[in-house]
Amino acid sequence: MGKRSRQRKKEHQNNSKPGGRDNRDNAGWGAGYTDIVKENKLFEAYYQELGLVPEGEFDQFMEAMREPLPATIRITGYKSHAKEILHCLKNKYFKEIQEVEIDGQKIEAPQPLSWYPDELAWHTNMSRKILRKSPLLEKFHQFLVSETESGNISRQEAVSMIPPLLMKIEPHHKILDMCAAPGSKTAQLIEMLHSDMDVPFPEGFVIANDVDNKRCYLLVHQAKRLNSPCIMVVNQDASCIPRLQIDTEDGQKDTLFYDRILCDVPCSGDGTMRKNIDVWKKWTTSNSLHLHGLQIRIAVRGVEQLAVGGRMVYSTCSLNPIEDEAVIATLLEKSEGALELADASADLPGLKWMPGVTKWKLMTKEGQWYKDWSEVPANRHTQIRPTMFPPTDTEKLANMKLERCMRILPHHQNTGGFFVAVLVKNAPMPWNRRFPKLRKEQLFSSVPQPEDSPVGTPLPETPLEDGEREGGGKEAGEDSPKEPEADDQTKEPNMCG
Ligand SMILES: C[S@@+](CC[C@H](N)C(=O)[O-])C[C@H]1O[C@@H](n2cnc3c(N)ncnc32)[C@H](O)[C@@H]1O
């Protein structure tokens with residue numbers, strides 16, 4: 001067996017065992033593409049009809065979807081070390097590449113992603129196939145393979161680097177990463193906690209969670225490479241992740257609320273078609289319909305555990321509004337003003353994105369369209385839920401400012417497709433508001449404002465018991481609003497991650 005075959009065999013083994021590299025963000029540099037017909041009529045019909053892609057650009061959009069994804073790399077680790085690797089890449093490998101011609105075409109020099117700080121992320125115009133095949137790129141390829149293995153470089157999709165950047169992490173932040181495996185974003189979060197090299201032990205921490213026990217080992221592997229004391233891996237269903245108790249300075253117990261939450265939910269992954277070409281064969285809208293309820297439940301549990309004043313970033317690698325704007329609109333509606341979408345338009349200079357949409361409709365896997373809930377026949381009510389449609393109250397819809405959501409289209413800057421929204425919590429969730437202990441007679445004589453609810457917020461019908469706190473008392477699902485119980489969403493096979 002030749003050296004390359006042995007290498008490939010080793011990579012295959014690595015990918016299939018815990019601790020090996022994952023196929024979403026850290027796919028082996030040696031992985032190749034098999035031939036597959038990149039066509040799916042339903043996909044095309046759906047996105048053309050939805051109008052998410054600006055007029056006149058649909059052909060470009062589809063063309064980009066069919067092209068292999070060019071490799072992007074992120075230099076990982078802490079600042080001083082990352083700078084050394086950057087120096088090496090810029091002054092040696094990138095210079096050498098510029099001399100190379102493949103099939104008469106000059107290789108373009110890799111470019112730093114304008115919106116990623118400190119030139120630590122780079123975009124190449126080479127697919128993994130070219131990188132692997134061309135003998136002229138062998139040295140560069142070898143460097144990438146070995147540095148990836150030792151954890152200095154991560155072959156992370158450009159769009160997947162976005163959510164942590166929008167979280168505005170500071171070293172004292174308590175962070176929850178709800179669906180964290182394989183952990184490329186967790187690694188970014190840990191690095192951000194350690195951004196001040198003068199502080200060896202930041203006050204903050206990251207709790208990285210995933211429901212999949214095997215994938216939790218990928219998280220452990222990521223964390224180990226960064227050698228940080230500020231990370232804990234947990235293995236829970238994020239939609240009912242238990243609240244944690246912390247000791248306060250005066251020796252009391254208190255519920256832990258997170259300053260920052262990353263909610264990078266399981267999704268249908270149609271934004272990853274350029275890399276995960278299987279999605280071409282498998283795509284139907286039923287994946288989105290199945291996942292919508294789970295996505296809402298995870299996001300609701302997230303905002304319950306978010307501190308007032310905190311930020312939660314919700315993201316998917318799906319372009320489908322059912323998994324994107326519909327989830328955000330449902331959260332905003334349930335929050336009754338406690339949550340708002342932050343304007344992140346200035347946070348990533350140079351990144352092109354489309355504003356979130358306010359109109360969308362729903363298509364079944366048989367190609368049947370429904371504009372709103374009233375059109376859905378009763379026999380479809382377990383699969384299709386009202387929360388999948390845009391809110392009908394136009395004033396409410398305008399107040400949600402869904403245009404603040406960001407959708408990244410593949411043809412705009414040669415990336416995968418992605419969706420991200422930043423939520424800020426201004427008050428406790430309505431079902432978690434705490435009331436001062438009231439004497440019976442007070443309850444009936446006047447209607448006081450709850451301690452920590454915004455002025456003017458109507459009182460919920462049943463005040464919580466004293467001592468029950470937001471995110472506390474009962475687990476999600478007991479006292480949080482009920483979610484659509486569509487067919488079992490947790491067992492959907494065609495989901496990303
Ligand atoms: C999109 S991937 C996350 C990618 C990850 N954030 C990263 O950047 O590497 C979604 C993850 O959600 C996990 N997942 C699915 N259902 C979950 C649940 N109910 N609770 C927690 N994690 C879940 C999957 O195992 C998968 O690892």
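**Ligand shell and strand β13**

Modeller: A polar side-chain atom of D237 sits 2.8 Å from a nitrogen atom of the ligand. The model is predicted.

Biologist: What makes the D237 pair with the ligand a polar contact?

Modeller: The cut-off is 3.5 Å between N or O atoms. The D237 pair stands at 2.8 Å. That is within the cut-off, so the pair counts as a polar contact.

Biologist: How much of the ligand does the protein bury?

Modeller: The ligand taken alone exposes 600 Å². The protein buries 97% of that.

Biologist: How do you know that P182 and R215 make polar contacts with the ligand?

Modeller: Set both distances against 3.5 Å. For R215, a polar side-chain atom is 2.8 Å from a ligand oxygen. For P182, a polar backbone atom is 3.4 Å from a ligand oxygen. Both values are within the cut-off, so both pairs count.

Biologist: What makes a residue part of the shell around the ligand, and how many residues are in it?

Modeller: One heavy atom within 4 Å of the ligand is enough. There are 25 such residues. The closest are K185, D210, R215, A238 and D264. By class, the shell has 12 nonpolar, five polar and eight charged residues. Helices α8 (184–193) and α11 (286–304) each supply at least two of them.

Biologist: Which residues does UniProt list as "binding site"?

Modeller: The unreviewed entry covers C179, A180, A181, P182, G183, S184, K185, D210, D237 and D264.

Biologist: A180 is in that annotation. Is A180 buried or exposed, and why?

Modeller: Its relative accessibility is 7%. Buried means under 20%, so A180 counts as buried. A180 lies in the loop between β7 (174–177) and α8.

Biologist: Which residue does UniProt list for "active site"?

Modeller: C317, again from an unreviewed entry. C317 lies in the loop between β13 (306–316) and α12 (325–335).

Biologist: Why is C317 called buried or exposed?

Modeller: C317 has 2% relative accessibility. The limit for buried is under 20%. C317 therefore counts as buried.

Biologist: What about β13: how many of its residues are buried?

Modeller: Nine of 11. β13 is therefore largely enclosed by the rest of the structure.

Biologist: How do you know that β13 pairs with other strands?

Modeller: Pairing needs at least two bridges. β12 (258–264) and β13 have six, in the parallel sense. β13 and β19 (418–425) also have six, in the antiparallel sense. Six meets the requirement in each case, so both count as pairs.

Biologist: Which residues face each other across these pairings?

Modeller: I261 stands opposite M312 of β13. S315 has V420 of β19 as its bridge partner.

Technical notes:
Residues are numbered from 1 along each chain as its sequence is written. This is a predicted model: local features need pLDDT of at least 70, side-chain atom pairs count only at pLDDT 80 or more; totals for chains, interfaces and linings use all residues. Side-chain values use heavy atoms; hydrogens and water are left out. A polar contact is a pair of N or O atoms within 3.5 Å; within protein, one must be able to donate a hydrogen and the other to accept it, and residues adjacent in sequence count only if both atoms are side-chain atoms. Accessible areas come from the Shrake-Rupley method with a 1.4 Å probe; for residues, only the protein chains shown count as cover. Helices (H or I, at least four residues) and strands (E, at least two) are DSSP runs, numbered from the N terminus. Ala, Val, Leu, Ile, Met, Phe, Trp, Tyr, Cys and Pro count as nonpolar, Asp, Glu, Lys and Arg as charged, and the others, Gly among them, as polar. UniProt positions are given in the numbering used here, feature names are shortened, and annotations may be inferred rather than shown by experiment. Buried means under 20% relative accessible area, exposed over 50%, partly exposed in between (1.4 Å probe, protein chains only).
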